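This report goes through some local features of one protein model. It takes up helices, cavities and backbone angles in turn.

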Amino acid sequence: MKRGFLAVVVVLAAALSLSFPPVGAAGTKDEYKMSIVVGPKGPWGESAQKFADLVRERTQGRINIKCYFAGQLFAGKQTNEFLLMRQGVIDFALASTINWSPQVPSLNLFALPFFFEDYQQLDAVKNGAPGQELFRQIEEKGVVGLAWGENGFRELTNRKHAVNSPEDLQGLKVRVVGSPIFIDTFRALGANPINMNWGEAQTAFQQGTVDGQENPVNAVIIPYQLWQVHKYISIWHYAIDPLILGVSKKTWESFSAEDQAIIKQAAADACAWEVAQARKGLEGDMPALQTLRDHGMKVTVFTPQMRAAFREKTRSVYDEWRKKIGEDLVAQAEKILGR
Ligand code: X2X
């Protein structure tokens, strides 16, 4: 009888220890995995490391976040990142909204062609009601948004010729992310868009299997030295790409309220630094473009008239994607932008 009771206690204790983390560990695993699509160089990669370092310091080493750069955690397919976070396979990510947009269509708001004109407009939308609504939607799908970072305005580079008007894009093979709005946009402009993960894109640029690509200047074009493969760049600001520093909801809920506060503050600090770096020299006269010229690139900065010609050509993309993103959300953003 006594033995039987003891056995029950032992079994119960074993079951409890399996279902709860040990007391005092505060939900800590030895390592939390953080996903970054790009490499460690440049504002995007550097700020992810900064965030991990801040969390480690401020928790006296209790919370150890390891950065996995260049898409190591999703085996190449960048549009799977959000799915893996939902499942808790990836704990943290400093992620482009583009890569999450196949699972969260409203994030395509930032990819509406020629919709955002400057950083002030972006800030007003992401810090206002639409930004809150987007964080609510991603949380509903299993990922908690901690802070907004920035990849930046996406600019077109190519190896063939200067692109000043839609005619110049005819038939140009342009690498884009595997997110449908980009295929639609480049098709509407008469180009030949090709889906490709960033991990494979650089080889394609070197081998010339594609002619061009689109990415921001400070966070991608400069760190990846794209002047080595592409001589022409059009500063056309056709889409904006904010980043989200997010955490799997499963992981988030395993932290104490105190640790959550530390992590949230570290995210805010790292992202504030990152946004400033992503924009550095790209406002006003855009002195950062000199770096590109110094490396032999031919830079075309679009005038509002040049943008208007492209916007006109992509009107059908706006009409179609407005519905997919959510009419209310787009209308809210337009109200903020005074349209
Ligand atoms: O793949 C890209 O172009 C990049 C690096 O900008 C994203 O992850 C969206």
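Helix H13 has a face turned away from its buried side, and that face carries the exposed residues Pro304, Gln305 and Glu312. This is a predicted model. The buried residues of H13, which runs over residues 304-313, are Met306, Arg307 and Phe310. Around the axis these buried residues cover an arc of only 95 degrees, so they sit on the same side of H13. Their packing partners are E8 and strand E9 (298-301).

Helix H6 can be read in the same way. It covers residues 129-140, and at 1.5 Å a residue its 12 residues should span 16 Å; the C-alpha atoms at its ends are 16 Å apart, which agrees. Buried in H6 are Pro130, Gly131, Leu134, Phe135 and Ile138. Viewed down the axis of H6, the buried residues fall within an arc of 140 degrees, and therefore they line one face of the helix. On the face turned away from that buried side, H6 carries the exposed residues Gln132 and Glu140.

What do the buried residues of H6 pack against? Their partners include the helices H3 (81-86), H4 (97-100), H5 (119-126) and H15 (327-336). Two strands, E4 (143-158) and E8 (232-248), are also in contact with the buried residues of H6. Just after H6 comes Gly142, with a positive phi of about 105 degrees.

Next come the cavities. How many cavities of 30 Å³ or more does a search of the whole structure find? The search finds three. The largest cavity holds about 100 Å³ of space. Its lining has 15 residues, of which Trp44, Gln78, Asn151, Arg154 and Asn215 are the closest to the centre. H4 and E4 are the elements that give two or more residues to this lining.

The second largest cavity has a volume of about 60 Å³. Among the residues that line it are Tyr119, Asn151, Gly152, Phe153, Glu155, His237 and Met286. At least two lining residues each come from E4 and helix H9 (217-221). E4 gives the most to the lining of the second largest cavity, with four residues. Asn151 is found in both linings.

The table sets out the residue classes in the two linings.

| Cavity | Volume | Nonpolar | Polar | Charged |
|---|---|---|---|---|
| Largest | about 100 Å³ | seven residues | five residues | three residues |
| Second largest | about 60 Å³ | seven residues | four residues | one residue |

The last topic is the backbone. Most residues other than glycine have a negative phi. Which phi does Gln60 have, positive or negative? Although Gln60 is not a glycine, its phi is positive, at about 50 degrees. Gln60 lies in the loop between helix H2 (42-58) and strand E2 (65-68). Its relative accessible area is 66%, so Gln60 is exposed.

Ala70 is another residue other than glycine with a positive phi, near 55 degrees. Ala70 is placed in the loop between E2 and H3. Is Ala70 buried or exposed? The relative accessibility of Ala70 is 51%, and therefore Ala70 counts as exposed, since the cut-off for exposed is over 50%.

Key:
Residues are numbered from 1 along each chain as its sequence is written. This is a predicted model: local features need pLDDT of at least 70, side-chain atom pairs count only at pLDDT 80 or more; totals for chains, interfaces and linings use all residues. Side-chain values use heavy atoms; hydrogens and water are left out. The expected span of a helix is 1.5 Å times one less than its number of residues. Buried means under 20% relative accessible area, exposed over 50%, partly exposed in between (1.4 Å probe, protein chains only). The arc is that of the directions from the helix axis to the C-beta atoms. Contact means heavy atoms within 4.5 Å. On a 1 Å grid over the protein atoms alone, a cavity is a set of points where a 1.4 Å probe fits but cannot get out, and a pocket is an open set with protein on both sides within 12 Å along at least five of seven lines; lining residues have an atom within 4 Å of a point. Grid points are joined across faces, edges and corners, and a volume is the space filled by probe spheres set on the points. Ala, Val, Leu, Ile, Met, Phe, Trp, Tyr, Cys and Pro count as nonpolar, Asp, Glu, Lys and Arg as charged, and the others, Gly among them, as polar.
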